[in-house]
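Hello,

Here is the structure I promised to pass along. Please have a look when you get a chance; my notes come after it.

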Amino acid sequence: MANLRTRRGALALYAVLLVLPTVALGLLQWRHIEQEHADEIASVPRDAEDAARRFRSALGEQLEALLAAEGQRGVEQYANYYCPDSTPQGEVTLLPTQLRSEPRPAGVLGWFTFDLNAARTDGAQVFLGAPSSAAERDAAHESALLAASLELYERVRSESWLGASSPVDLDAAKLELPVRAIAASRAAQGDEDCIEAERMLLGQPVRMVAGQFRLHFYRDAKGEPHLIAHRRVRVDAIPYLVGATNCLHRVSEGLGLVQGLFIDLDWYARELTRGVAQRVLTKRERLIESHEESCASCAPHHADLRPIGDFDIDCEPQDADWGRMQIAIDTSEMDARYSSRLWRFGGVAVMLLAALSTGVALVWRSVEQELEQAARTENFVAAVTHELRTPLSSIKLHAEMLLEGWTTDPEKQQEYYRRIVRETERLSTMVERVLEKAKLASTSAKPTPLDLTELVDAHVQQLLNWRVTEAPDLEFELAEDLPQVWLTKEALHSILVNLVENARKYAAVDHRKPNAECIVIATLRRPDGVALEVRDRGPGVPAAQKQRIFDAFYRLGSESTRTTRGTGLGLHLVSLQAASVGAKVLVEDRPGGGSIFRVTFKPAQTS
Ligand code: ADP
């Protein structure tokens with residue numbers, strides 16, 4: 001026993017040592033997962049700003065590439081030509097720039113050129129919008145370009161907008177312009193006669209200096225936004241025009257052109273930015289355009305992108321925000337990963353804890369069972385010792401007294417003899433029970449169909465005679481016409497005697513009490529068979545013990561608290577006997593107090 005208790009203590013210690021570190025490690029791991037997730041979320045603003053930086057630099061490169069390609073065009077490609085010979089009457093015709101028939105790069109709406117000198121003096125202009133495909137050359141498109149160009153022209157008059165830019169590195173041929181092209185600007189102002197006078201000069205080359213393209217964002221009179229790239233082109237030197245007729249000379253003195261292109265803002269703020277986003281943004285980085293709703297699965301922090309304000313584009317301060325977009329970080333994947341890690345971890349932790357606690361519980365249970373078995377054996381040995389010793393000493397004492405002639409009173413002598421007989425009976429009952437248990441374990445009963453009431457009825461007299469009180473303490477409620485049940489006489493005898501003996505022992509009828517009730521022995525029909533019931537008004541059996549009292553050597557309480565004598569074998573024998581004939585035994589609380597011990601036998605014929 002002591003050894004077992006030490007094992008129980010060791011097991012408890014082992015369980016604590018095993019479970020505590022496991023729980024501690026689990027908590028640490030849990031915190032680690034939470035910390036990692038919190039770090040990921042905390043890095044979102046930085047990641048969004050990084051993505052915005054990448055995006056801006058890629059968009060800037062695209063713009064630079066567009067301007068670099070345009071900047072390589074020769075200045076003559078933008079120019080008009082004066083062509084006095086093109087009509088039979090010698091009327092002046094302006095030949096359009098070559099760009100009219102060139103395929104436009106993506107994002108370019110059209111090209112234009114201005115004579116700055118003409119614009120400064122009397123408002124005359126040279127202008128060419130240039131949509132290239134026939135489909136685009138519709139009236140609405142062309143008039144929109146024209147309106148934009150007029151607006152542009154107005155700005156040129158104020159000049160504040162033009163700014164200066166460093167010259168581009170173009171080869172000489174691309175910088176040459178024939179006088180014919182310069183003359184075109186005068187022709188538009190009605191100087192045809194003057195030009196006619198100098199026609200021999202029209203084929204002469206003029207060297208120009210071209211500046212770099214610069215970007216401008218501006219709004220026209222209607223408030224419509226436009227994005228243009230323009231460059232200044234001025235005359236380098238025209239020595240042979242010195243002394244020429246007035247009109248061409250004026251040109252040579254002040255000639256300056258503004259050349260440029262209209263950039264499609266829709267293309268810039270949608271197509272180009274989307275293309276860039278596809279290239280430089282990762283799967284979780286989202287571009288949210290100005291017209292789009294904010295993304296629901298994204299973290300609250302967004303990085304700003306301004307397609308105008310973020311670049312070297314001249315604009316009014318209030319326009320810097322035009323087309324503002326945002327870059328957001330979609331955290332749904334992080335959240336999903338976080339919760340799946342938590343679930344996986346939770347699953348493993350639960351499985352581990354379940355395995356640990358099941359193992360500990362199993363070992364604990366087996367130790368408990370061993371302890372219980374040991375307690376029962378101890379109980380049994382104590383009970384048997386007590387049960388054997390008490391009657392033996394009593395028999396010995398009374399036999400010696402009779403032998404030594406301690407009393408000559410015949411009544412007293414009779415009393416001693418009766419005591420000796422009673423104690424001998426107790427001894428033999430005890431031995432019989434042990435033998436009965438051993439017998440039941442080794443042989444199997446052969447039940448036959450029998451009448452339960454008849455068999456109980458046959459025991460009535462014997463049970464009434466065999467009592468401890470003078471007044472009758474048993475009542476019988478025996479039902480008639482019960483169906484026969486599978487039974488053996490020995491089984492019924494053992495069951496009945498044990499149950500009645502227990503009732504008398506643990507629920508003895510005290511006739512001194514006013515409403516004392518007798519122990520009831522009943523036979524009755526029940527839904528599941530035919531039952532024998534022994535009902536008493538004793539202390540009852542606690543719910544937790546209702547099953548266990550049928551175990552061998554199990555007794556309620558402990559040796560020190562018990563006032564009754566017994567071996568813990570009576571009810572065990574009842575349950576063994578019941579099982580041997582296929583019957584079921586149970587104890588339940590009796591309404592009004594006490595217990596009902598019920599054995600339900602199987603009917604021999606199913607009706
Ligand atoms: P024993 O009577 O030798 O102790 P049993 O196997 O007959 O052994 O009974 C087991 C235990 O069940 C008893 O120790 C007693 O505590 C309890 N018991 C049996 N019958 C009754 C009863 N009618 N009322 C209350 N307790 C009972």
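Below is what turned up on salt bridges and on one pair of helices.

Please keep in mind that this is a predicted model. The salt bridge count comes to 31. One of them joins Glu285 and Arg54, whose closest N and O atoms are 2.8 Å apart. Glu285 sits in strand E9 (residues 285-288) and Arg54 in helix H2 (residues 44-71), so this pair ties together parts that are 231 residues apart in sequence. Glu285 is buried, at 8% relative accessible area, whereas Arg54 is partly exposed, at 32%.

Glu533 is worth a click too. Its side chain meets that of Arg598 in a salt bridge of 2.6 Å, N to O. That pair links distant parts of the chain, with Glu533 in strand E17 (residues 529-535) and Arg598 in strand E19 (residues 595-601), 65 residues apart. Both Glu533 and Arg598 are buried. Glu533 also forms a salt bridge with Arg535, where the closest N and O atoms are 2.8 Å apart; Arg535 is buried as well, with a relative accessible area of 14%.

Elsewhere, a network of salt bridges links Arg56, Asp304, Arg306, Asp310, Asp321 and Arg324.

Now for the helices. The axes of H12 (residues 452-465) and H13 (residues 489-506) come within 11 Å and cross at roughly 45°, so the two helices are oblique to each other. The crossing is right-handed. Residues making the contact include Leu455 and His459 of H12 and Leu496 and Arg504 of H13. By class, the contact has eight nonpolar, three polar and two charged residues.

Best wishes

Terms used: Residues numbered from 1 in each chain as written. Predicted model: local features only at pLDDT ≥ 70, side-chain atom pairs only at ≥ 80, totals over all residues. Heavy atoms only, no water. Axes fitted to C-alpha atoms, helices over the stretch in contact; angles between N-to-C directions. Helix = DSSP H or I, 4+ residues; strand = E, 2+ residues; numbered from the N terminus. Parallel < 35°, antiparallel > 145°, perpendicular 65-115°, else oblique. Left-handed = near helix turned anticlockwise from the far one by under 90°. Contact = heavy atoms within 4.5 Å. Nonpolar A, V, L, I, M, F, W, Y, C, P; charged D, E, K, R; others polar. Salt bridge = Lys/Arg side-chain N within 4 Å of Asp/Glu carboxyl O. Buried < 20%, exposed > 50% of the residue type's maximum accessible area, 1.4 Å probe, protein only.
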